Each structure stands twice: as C-alpha cells, then as structure tokens.
Amino acid sequence: MATPRLAFVLGTRPEIIKLSPLVRACLERAIPHVVVHTGQHYSESLDAVFFEQLELPTPTYDLGVGSDDHGEQTATMIRGIESVLEAERPAHVVVQGDTNSALAGAIAASKRDPSLAHVEAGLRSFDREMPEEINRVLVDHAADHCFAPTEESARLLAAEGIDGDRVRVTGNTIVDAVSQHRDLATEKSDVLAEHDLEPGAFYLLTAHRAENVDDPERFAGILEGVGAFATRTDREVVYPIHPRARETLAAFELSVPEPIRLVDPLDFLDFLTLERHARLAVTDSGGVQEEACILGTPCVTVRDSTERPETVDIGANRLVGTEPSAIVAGAEAMVDRPGTWSNPFGDGDAADRILDALL
Ligand code: UD1
Ligand code: UDP
C-alpha cells in the first residue's frame, strides 16, 4: 500500500460502530489508510464482535492498552499512537467522539504533521464533571477539521470561537451505520425469539456511564425506577449490561428488580433489533439516544444533561435524571408517543461527505 493518507484511531464499541462507514468507504474507494486500535475495549463482546459483523479488516495496529486510570491509559495510548504516526506518516488522523482513545489520537496528531479530523464534533453536555465533556472540548479545539453532525453542533463550535473554515456539517455517521444494517438486522437477528420477546411489548435498558454506575445511589435509582415502571405496566425489561456496570452492580451488592433481565452485551444486529422493537428505550448512552431517535423508538435518558438536545427538542427523548419517581413519570409520558418525528442526524451519507472534505 502507498503511504497511508488516513489513520483512523479508535478504541471503544461506539467508535468502532461510528467509524465503520468511513473505513468501509475507504476500502470501496481504494483510499489508503491504516486503523489503529488503542485496545481501550478488548472484551470480545465490546470489540471483536463488531469488527466481524461490520465487515472491518483486522486493525493494522493494536496497541493493547487495556483498562487503567484515565491518565495512565491516555498516556500509554499517546505513546503508542505517536510511534505509529512516525512509521506511517499519514496526511490525516481521524478520531471520533469523546473517549480517552479519541483524546489520545488528537494529542498525538497535534504534536506531529498530520491534520486532525474530529468526527462528531461540537457536542456539548456542559457538564464538566464528565470525562467525556473535557475530552470532546479538547479534541474540537485541537482539530483542523471539525465534522459536526448538526447545525446546532456547528453553532456551539462557533460560540467557542472555532473558525468556521474548520467546521463542516455532515450528519452523524451513526445514520450511515444504522441504514446500512437495519435491513440486515431484520433478516439475520433471532434475538426476539431467543429471548422470547414480542415486538412492542418490552423495554430496553442500557446504563454504563461512570457518573451513574460508579455511584451506588444513582445506579440503584435507575434500577428501582425502571423496575417500578415495568411492574406497573406489566412488561419486561432487557438490560444488555456493560462490563463496567456488571462489576459495580456486584461490588455495591445492588438487587435487580424482578422485571429487569440482565443479558450480556449484544452484537450490533441484535441490539438494533431490540432498539427497533422496544416499546421504550431507557438509557444513559449517547449512541442509544441517537439510534432510538433514528428508529422511531421513544427514549428516556437517565442523566442530568445531554449533548444530544436535538432528540429532546423534537420530542423523541426526555431527560429525567436518576430519581425513581422521575424515571417513572418520564417513562409514562414517553411510552405511547408515536415515533413520527424526523431524524435530526442527517441522511446517511455522512461518511462520504467527510471523506470528500478531507481528500
Ligand atoms: C468508555 C468511554 C465512554 C463510552 C464507553 C462506551 C472514556 C472516558 N469512556 O467507557 O465515554 O461511552 O467507553 O462503551 O473513554 N471493561 C471490560 N472490558 C473491556 C473494556 C472495559 O471489562 O473491553 C471494564 C473494565 O473493568 C474497565 C471498565 O470496564 O475498568 C471501564 O472501561 P473504560 O474503557 O475505562 O470505560 P468505559 O466505561 O467502557
Ligand atoms: N450497542 C451494541 N450492543 C449493546 C449495547 C450497545 O451494539 O449491547 C451499540 C449501540 O447500538 C450503539 C453503541 O453500542 O451504537 C453505543 O455504545 P455505548 O452505549 O457503549 O457508548 P456511548 O454511545 O454512550 O458512548
């Protein structure tokens, strides 16, 4: 391969999913590139399963950094990414979102020649307690190219003084990923039968964010609120549980209400199928707020802030915090809402727009 023009840096489940349309477009368009996996996520169910199902080649580099304290983890990634940039000399480094892997890619690129491109730029929760908020602000300010999913994100970048020449509204690549896999999910996924679920007759829960699941009171509040609503409405809840949450659930010795069924993290096709057929999604995930909105499933977000306000503005999502009574009230308000809003995250051509802008 000629000198790679692009180096994708990724490390976690949502980055693999949201960068997959870009990597596949590079393969289709014969654009030279390398994929650098930091190894932030390494469990099969958060990592390998997505490479396989999204038809991505094995990463060119796997730094194998693993879990650690934030500073140590990010520093090890920067060191590894710097060596790759030295060896490969790409023209552009592409990072996505707000994880420690994205921050490490941004810092490594900023210290060297390549330009830095940030996919999903301009999201803001304005909650500086969240590590993700600090990461996304730093990455946006370091980036040469800020690919904002919506006009609102572009407006937020402008408000921080980021030059308009660096910003382009492209839509979010999650729309590309969902539209490329929605029909395949219908064709291939048996998840409803496997878990004995009727379309429209169950709720989907995901909670993994540090500020929720590392805090026993907040985590217990989510379980209690969702459990109470499910009991009252006589429906089951499926909770594909992230390993971080599984660990703290055990460490805090929290009890899981009867209607909530814990399952291992799911692959993308199974997860999309559950999201599409759930009567309601309850989540603290950024990606799940977007996907529920795209798929027409009402959503309740168990956080105090969201960097996806577009979903709330159009009536697809409601922000309720983690108090049980607020979760029940929010779920009651959302559960029968028809999913007739229009998707605010673009038309599914974000990846091509981003590549055209870079090349
Ligand atoms: C990270 C991101 C978060 C993103 C999430 C996606 C940061 C600061 N956080 O959070 O923004 O929403 O990924 O899922 O970058 N673990 C495993 N197997 C793995 C990875 C992690 O068991 O493959 C466990 C370990 O106990 C680890 C814990 O999960 O300590 C947390 O992992 P980490 O990557 O630090 O953060 P996430 O919670 O996954
Ligand atoms: N997801 C998945 N299986 C699961 C849970 C989530 O495939 O069991 C996908 C989901 O479709 C979305 C992404 O993971 O695209 C969201 O990742 P996560 O919630 O871990 O991170 P966040 O989006 O909050 O950063």
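The shell around ligand 1 takes at least three residues from each of two domains, domain 1 (6–169) and domain 2 (191–334). Those domain bounds come from an automatic or database domain assignment. This is a predicted model, in which local features need pLDDT of at least 70, side-chain atom pairs count only at pLDDT 80 or more, and totals for chains, interfaces and linings use all residues. Residues are numbered from 1 along each chain as its sequence is written, chains are lettered from A and ligands numbered from 1 in the order in which they are written, and side-chain values use heavy atoms, with hydrogens and water left out.

Ligand 1 has 19 residues around it, and H41, Y42, S43, E132 and E247 are the closest. A residue counts as near if one of its heavy atoms lies within 4 Å. Three side chains offer an N or O atom to oxygen atoms of the ligand: E132 at 2.6 Å, E247 at 2.7 Å and R244 at 2.8 Å. On its own, ligand 1 has 750 Å² of accessible area (Shrake-Rupley method, 1.4 Å probe). The protein covers 88% of that. Helix α11 (residues 243–251) gives the largest share of the shell, 3 residues. Helices here are DSSP runs (H or I) of at least four residues, and strands (E) of at least two, numbered from the N terminus.

Now turn to ligand 2. Of its 16 surrounding residues, R209, L266, S285, G287 and E291 come nearest. A polar side-chain atom of R209 lies 2.5 Å from a ligand oxygen. For the side chain of E291, the distance from an N or O atom to a ligand oxygen is 2.5 Å. G287 uses a backbone N or O atom, at 2.8 Å. The protein buries 94% of the 540 Å² that ligand 2 exposes when taken alone. Domain 1 and domain 2 both give residues to this shell, so it lies between them.

What else lies between the domains? The largest nonpolar core does, because both domains give residues to it. Such a core is a set of buried Ala, Val, Leu, Ile, Met, Phe, Trp, Tyr and Cys residues joined through side-chain atoms within 4.5 Å. This one has 39 residues, and L6, F8, L22 and V94 have the most contacts inside it. Its largest share, 7 residues, comes from α1.

Last comes α12. Of its 10 residues, 8 are buried, meaning under 20% relative accessible area (1.4 Å probe, protein chains only). D267 caps its N-terminal end, with a side-chain oxygen 3.3 Å from the backbone nitrogen of L269.

Terms used: Polar contact = N/O pair within 3.5 Å; in protein donor to acceptor, adjacent residues only side chain to side chain. Buried < 20%, exposed > 50% of the residue type's maximum accessible area, 1.4 Å probe, protein only.
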